[in-house]
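Here is a short tour for anyone who likes to look at pockets and backbone angles. Please keep the viewer open while you read.

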Amino acid sequence: MTTDIRRPDRGDAAENLAMIAYGLLFASIFFAGAPALIAVVIAYSQRKEASPRTRSHYDFQIRIFWVAFVLTLAAASSGLAGVIGGLGELIDVASITRIEHIESIRIDLSHIVVDGRVVGLLVAACVLGFLSSVWLLGASAVGFIRLASERAMGDTPAP
């Protein structure tokens, strides 16, 4: 009786790395995006030597990373602008009414009205952050399933 021990060739290793990269992209929302950086480095470094099918997955992983990066950057910018705008309004309205001791300062904040632009920026930050998370989870799951099904990105199923 003979046993057939197959050694993985370059294609199998490239597909395994692509699957690992999809897993890293999926996990990146739970670890502040650091695994996504590793995934995009893998995709950029491996796509030239990969087969056309695996190359399409590496290209898709790079697209996943950049779309999520832009959405996250927009969310962070909106959130920062909203927080700065809210603090600016807080500083404008706040007035020191009485200083009793050096350790305590009484501030009257009863006249604060939050501007609609500040609320809009904070809501936009939440929506963009949510969209970035959904994109990372959904796109990496779809890519992983297509790779596991031995289909390239962009292929249509056979009728």
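Let us begin with the chemistry of the largest pocket in this predicted model. Its lining divides into 8 nonpolar residues, 6 polar residues and no charged ones. The space in this pocket comes to about 280 Å³. Of its 14 lining residues, Ala32, Gly33, Ala68, Thr72 and Leu136 are the closest to the centre.

Which helices each supply at least two residues of that lining? They are α2 (34-46), α3 (52-93) and α4 (116-148).

Now for the backbone. Most residues other than glycine have a negative phi. Two residues here are worth a look in that respect, and the table puts them side by side.

| Residue | Phi | Location | Relative accessible area |
|---|---|---|---|
| Alanine 32 | near 55° | loop between α1 (10-27) and α2 | 81% |
| Glutamate 150 | near 60° | segment after α4 | 57% |

Alanine 32 links the two topics: this residue is among those closest to the centre of the largest pocket, and its phi is positive although it is not a glycine. Is alanine 32 buried or exposed? With a relative accessible area of 81%, alanine 32 counts as exposed because the cut-off is over 50%.

Glutamate 150 also has a positive phi in a residue other than glycine, and it is found in the segment that follows α4. The same cut-off of over 50% applies, so glutamate 150, at 57%, is exposed as well.

Notes. Residues numbered from 1 in each chain as written. Predicted model: local features only at pLDDT ≥ 70, side-chain atom pairs only at ≥ 80, totals over all residues. Heavy atoms only, no water. 1 Å grid on protein atoms, 1.4 Å probe; cavity = no way out; pocket = protein on both sides within 12 Å on 5 of 7 lines; lining within 4 Å. Points joined across faces, edges and corners; volume = space filled by probe spheres on them. Helix = DSSP H or I, 4+ residues; strand = E, 2+ residues; numbered from the N terminus. Nonpolar A, V, L, I, M, F, W, Y, C, P; charged D, E, K, R; others polar. Buried < 20%, exposed > 50% of the residue type's maximum accessible area, 1.4 Å probe, protein only.
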